[in-house]
Protein chains: 2
Amino acid sequence: KIITKKSSKQQNQDALRIIPLGGLHEIGKNTCVFEYNDEIVLLDAGLAFPTDEMHGINIVLPDMAYLRENSHKIKGMIVTHGHEDHIGGIAYHLKQFDIPIIYGPRLAMTLLQDKLEEAGVSERTNLKSVVPRETVRIGEYFSVEFIRNTHSIADSFSVAITTPLGVIVHSGDFKVDHTPVDGEYFDLQRLAEYGEQGVLCLLSDSTNAEVPGHTPSERAVYPNLERIFSQAEGRVMVTTFASSVHRVNMILDIAQKLQRKVVVVGRSMLNVIAHARNLGYIKCPDDLFEPLRSLSRLPDEKTLILTTGSQGEPLSAMTRISKGEHRHIRVKEGDTIVFSANPIPGNTIAVVNTIDRLMMQGAKVVYGKQQGIHVSGHGAQEDHKLMLALTKPQFFVPVHGEHRMLVKHSQMAQAMGIPQENTVIIDNGDIIELSTESIQVAGQVESGIELVDRAGIVQDTIMKERQQLAEDGVVTVATAIDWSGKLVASPTLHLRGVVTKV
Amino acid sequence: KIITKKSSKQQNQDALRIIPLGGLHEIGKNTCVFEYNDEIVLLDAGLAFPTDEMHGINIVLPDMAYLRENSHKIKGMIVTHGHEDHIGGIAYHLKQFDIPIIYGPRLAMTLLQDKLEEAGVSERTNLKSVVPRETVRIGEYFSVEFIRNTHSIADSFSVAITTPLGVIVHSGDFKVDHTPVDGEYFDLQRLAEYGEQGVLCLLSDSTNAEVPGHTPSERAVYPNLERIFSQAEGRVMVTTFASSVHRVNMILDIAQKLQRKVVVVGRSMLNVIAHARNLGYIKCPDDLFEPLRSLSRLPDEKTLILTTGSQGEPLSAMTRISKGEHRHIRVKEGDTIVFSANPIPGNTIAVVNTIDRLMMQGAKVVYGKQQGIHVSGHGAQEDHKLMLALTKPQFFVPVHGEHRMLVKHSQMAQAMGIPQENTVIIDNGDIIELSTESIQVAGQVESGIELVDRAGIVQDTIMKERQQLAEDGVVTVATAIDWSGKLVASPTLHLRGVVTKV
Ligand SMILES: [Zn+2]
Ligand SMILES: [Zn+2]
Ligand SMILES: [Zn+2]
Ligand SMILES: [Zn+2]
């Protein structure tokens with residue numbers, strides 16, 4: 001089934017085009033186009049969260065102009081896993097064009113189904129779940145094998161995309177976890193087999209390319225969480241990413257072991273746990289859980305509250321609890337509150353402020369890198385090297401990272417013998433043209449961003465106006481003049497956000 | 001001279017009041033009031049920088065209502081060192097009330113003199129430089145000894161304040177650096193002597209109370225900087241805090257050793273270097289420096305550019321260089337750019353974006369904790385323990401830190417034998433009442449913040465309006481009606497920053 005480089009060369013001299021619309025020079029909104037002749041296959045379509053300067057913005061999407069214009073070519077989409085930066089944009093794409101079919105892991109497809117229904121676009125596509133080592137054909141030119149990998153969310157895949165020119169391996173998001181919590185091992189054998197037969201190009205996750213060594217196994221946090229929970233004398237509250245299914249799984253397991261009932265708080269946490277239990281990624285008895293309304297009846301030392309808000313998000317449960325604004329949960333003396341997540345750089349201040357507020361209300365807060373209660377879901381340098389060593393690609397493109405991470409990742413590849421001219425550092429919108437002999441950036445497509453607030457897409461000029469209003473305020477002058485231009489009353493002045501000398 | 005606890009008790013049963021107006025539950029705007037009967041002595045008066053939500057704000061000051069109302073009591077001020085978070089507020093204080101005399105280190109007094117002149121308030125006070133072990137009397141009740149400590153800026157002091165109730169030691173900002181760059185050793189002997197005679201209360205810097213171990217000596221970065229500079233084939237650009245006098249000193253020293261001429265860029269960097277050279281804290285020959293206009297004539301391998309902007313500040317030289325917006329400096333292939341500073345949490349994104357932009361223009365950028373090119377100016381846990389061990393205070397108040405840092409610092413003190421009831425965790429505005437027998441929070445004074453933008457003080461309601469304008473924009477409707485209330489023309493609508501359905 002795998003077309004070797006030689007035969008592909010004889011069949012077709014056309015170039016394969018790879019066009020990332022998002023995910024480069026950033027962590028977020030991963031969206032990648034694979035194009036051969038008149039066929040496009042998409043890989044993931046995520047969203048990003050706004051920076052502080054994006055006033056009033058809820059989410060950030062890539063510019064979809066290229067896909068709108070070429071929507072007739074779209075044969076289907078591959079989804080690697082269910083994180084927001086990989087599936088959060090799909091509903092918005094479907095408002096603008098159809099995608100005939102989307103293949104992906106069961107958990108991602110279930111989460112996606114909810115999103116599409118909520119947006120009213122579930123009729124615009126066809127979701128198909130795949131199992132490990134399943135191969136699907138998309139259009140005339142592409143076939144895709146899903147290869148199990150390990151990551152912070154369950155049911156995550158790397159993919160091998162067989163094209164007329166050769167095999168492209170896309171790592172998806174991964175770390176190399178040899179002791180996965182759910183017992184689903186990284187399918188290193190399939191990657192090795194592709195490497196043996198010849199991989200034309202590898203695109204690989206660069207998130208932790210600046211971090212030396214290996215990322216520890218997700219299991220490494222288990223004993224630390226267990227020790228902290230068992231030392232707690234009152235209630236335990238834990239916050240982590242809702243999508244970190246393995247972490248949630250371990251927390252539930254420890255709760256059961258320590259005979260604490262679990263109260264789950266936060267819509268996304270409830271949602272992910274429900275789906276993950278349905279699909280068997282989380283295994284625990286129904287009676288482990290208690291509804292929020294029973295909280296006041298549970299003895300403190302038998303209670304564990306699992307909640308969203310590990311990033312200090314303004315509307316999340318943990319943030320509201322810390323501000324005393326949560327309708328059902330008040331911090332009390334003796335609570336142990338555990339942050340089982342590291343702040344993403346832009347969120348550090350929000351997180352530490354939340355921690356401070358919780359401490360001031362009498363909670364013991366456990367947080368920080370030294371506690372061993374969080375590990376990354378992304379591989380570090382040695383994991384990256386293993387991916388390169390297994391797949392032995394002819395060409396290499398670092399993806400999923402900011403510029404310096406891509407540069408570091410590319411340097412690692414060169415240290416492992418890939419010639420510099422066989423790698424490219426690209427930005428969103430760059431058109432990679434790949435032949436069996438060469439890789440090059442052959443041009444650009446439109447690649448800006450689209451900002452979405454409550455009312456819809458926000459234009460760039462509007463953002464500039466908002467920034468100016470924020471910094472200077474606004475002055476309105478109401479003047480009544482008659483038809484001849486004479487003032488008929490004294491003008492009135494209104495100021496909003498404007499400093500007057502006091 | 002030191003009044004022992006016994007004799008002070010016999011003399012006066014009045015309480016000493018310590019009221020921090022800033023610097024608690026934050027890093028910034030350190031401002032502390034010491035009050036006994038009708039006398040007030042101030043210790044430092046700093047500013048803080050605005051958070052992202054403070055649109056259009058340049059600096060943040062503590063609420064000065066308490067000092068305005070009690071300005072007749074102010075007998076003088078002590079300054080510990082020349083950092084902005086300790087002296088940056090003084091000019092604003094002097095616009096509201098006089099301070100008869102300000103005592104502080106020579107470098108801080110020189111920097112302060114400039115600020116007061118610029119603000120036109122230098123007549124409102126009297127600046128007096130002090131030397132190590134100098135004791136000054138302020139008012140009837142206070143005398144203050146300046147005790148040399150080690151910190152990231154040169155000429156920094158801890159102080160021992162002798163009051164009718166006993167001795168208060170305020171650590172100032174410090175680390176314990178046994179190999180200081182300028183050869184001015186921490187005067188551990190004086191602290192120990194005060195400890196031996198009896199310290200009633202210690203107030204101590206908590207910045208790195210979450211960090212285990214000792215903070216390395218400032219000298220530790222020397223060999224790493226030297227190695228990086230000497231490996232550079234083209235120009236070297238270095239950025240650090242202008243106020244990190246020791247760091248700047250080492251950079252200049254290495255430049256001289258490697259026969260690179262130094263071009264200094266950025267107003268604050270030029271200013272600090274000029275003053276530090278005048279006072280002898282930086283020693284180097286005049287011909288080490290070249291003016292910016294000579295830059296193009298210097299050979300790349302003989303050039304070192306020293307610049308501000310290590311925190312990605314929007315208007316700083318390094319940020320403008322990274323954006324290609326600097327009038328005189330363009331990045332070129334072969335440049336080595338060194339970030340000799342860690343980003344302060346709120347600045348991380350601005351810094352990494354700057355690094356990415358510099359790399360994209362072809363520079364080799366050296367940054368990050370693993371490079372050994374930055375150490376903190378604040379002591380870690382073992383440094384804090386040494387301060388506690390030397391001074392053996394009866395009462396302890398952790399200061400200069402966010403809530404969790406204060407809590408950690410207090411826990412260290414308790415582990416060293418200070419009873420919990422002899423420590424207090426306080427917030428800005430809390431009134432600490434100290435007697436020879438007890439410490440307690442006896443009330444609060446007004447302790448909000450004052451926000452300053454280009455036009456002056458910005459009220460809270462104005463900030464709320466700006467936030468709303470930023471998120472939603474503004475709609476103005478102009479309607480012309482006659483005296484009877486009838487429309488005389490169709491209304492016109494103006495939108496700014498408002499999303500319309502497109
Ligand atoms: Zn991702
Ligand atoms: Zn992911
Ligand atoms: Zn300070
Ligand atoms: Zn300082």
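Start with chain A as a whole: a compact globule of 502 residues would have a radius of gyration near 23 Å, and chain A comes in at 25 Å, which agrees. Keep in mind as you click around that this is a predicted model.

**Stop 1: all of chain A**

Show chain A as a cartoon and turn it about. The C-alpha trace spans about 80 × 80 × 45 Å along its principal axes. You'll be looking at 14 helices and 24 strands. Colour by burial and 57% of the 502 residues of chain A count as buried. Now switch on contacts: among those in chain A with a separation of 6 or more, 73% are between residues 24 or more positions apart.

**Stop 2: the zinc ion (ligand 1)**

Select ligand 1, a zinc ion, and bring up the side chains around it. Which residues are its protein donors? You should find A:Asp85 (OD), A:His86 (NE2), A:Asp173 (OD) and A:His400 (NE2), lying 2.1 to 2.2 Å from the ion. Along the sequence, these donors follow the spacing D-H-x86-D-x226-H. The angles among the 4 donor atoms run from 86 to 163 degrees, and the site of ligand 1 is irregular.

Now pick out two of those donors, A:His86 and A:His400. A:His86 sits in helix α3 of chain A, while A:His400 is in the loop between β18 (393-399) and α13 (403-415); the pair links parts of the chain 314 residues apart. Are these two buried or exposed? Both A:His86 and A:His400 are buried.

**Stop 3: the zinc ion (ligand 2)**

Keep A:Asp173 selected and look for the other zinc ion it holds. A:Asp173 bridges ligand 1 and ligand 2, and the two zinc ions lie 3.4 Å apart.

Centre on ligand 2. This zinc ion is coordinated at 2.2 to 2.3 Å by A:His81 (NE2), A:His83 (ND1), A:His151 (NE2) and A:Asp173 (OD). Its donors are spaced H-x1-H-x67-H-x21-D along the chain. How is the site classed, with angles of 89 to 164 degrees among its 4 donor atoms? The site of ligand 2 is irregular.

Trace the backbone out from two of these histidines. A:His81 lies in the loop between β5 (74-78) and α3 (84-87), and A:His151 lies in the loop between β9 (142-149) and β10 (156-163), so the pair ties together parts of chain A that are 70 residues apart in sequence. A:His81 is buried, and A:His151 is buried too.

**Stop 4: strand β9 of chain A**

From A:His151, step back along the chain to β9(A) and colour the strand by burial. In β9(A), 8 of the 8 residues are buried, so the strand is largely enclosed by the rest of the structure.

Turn on the side chains and view the strand edge-on. In a regular strand, side chains alternate between the two faces of the sheet. Here A:Phe142, A:Val144, A:Phe146 and A:Arg148 point one way from β9(A), while A:Ser143, A:Glu145, A:Ile147 and A:Asn149 point the other way.

Next, look at the strands paired with β9(A). Strand β8 (residues 135-138) runs antiparallel to β9(A), joined to it by 4 bridges. Click on A:Ile138 and you'll find A:Phe142 as its bridge partner in β9(A). The hairpin of β8(A) and β9(A) has 3 residues between the strands, and A:Gly139 takes a positive phi near 65 degrees there.

β10(A) also pairs with β9(A) in the antiparallel sense, over 7 bridges. Select A:Ile147 and look across: A:Ser158 in β10(A) stands opposite. Between β9(A) and β10(A) there are 6 residues, and A:Asp155 in that turn has a positive phi of about 60 degrees.

**Stop 5: over to chain B**

Show both chains. A turn of 180 degrees and a shift of 0.1 Å along the axis lay chain A on chain B with an RMSD of 0.1 Å. That is the relation of a two-fold axis. To find the axis from chain A, select A:Ala470: its C-alpha is the nearest in that chain, 2.4 Å from the axis. The same surface serves both copies, with 100% of the contact residues of chain A recurring in chain B.

**Last stop: B:Thr307**

Finish in chain B with B:Thr307, in strand β15 (residues 303-307). At 0% relative accessibility, B:Thr307 counts as buried. Leaving aside residues up to four places away in sequence, B:Thr307 touches B:Val238, B:Thr239, B:Thr240, B:Val265, B:Met269, B:Ala317 and B:Met318.

Notes:
Residues numbered from 1 in each chain as written. Chains lettered and ligands numbered in written order. Heavy atoms only, no water. Donors = N, O, S within 2.8 Å, 3.2 Å for Na, K, Ca; no water. Tetrahedral: all angles 85-135°; square planar, octahedral: opposite > 155°, others 65-115°. Helix = DSSP H or I, 4+ residues; strand = E, 2+ residues; numbered from the N terminus. Buried < 20%, exposed > 50% of the residue type's maximum accessible area, 1.4 Å probe, protein only. Pairing = 2+ DSSP bridges. Least-squares fit on C-alpha atoms with pLDDT ≥ 70 in both. Contact = heavy atoms within 4.5 Å. Rg over C-alpha atoms; globule rule 2.2 N^0.38 Å.
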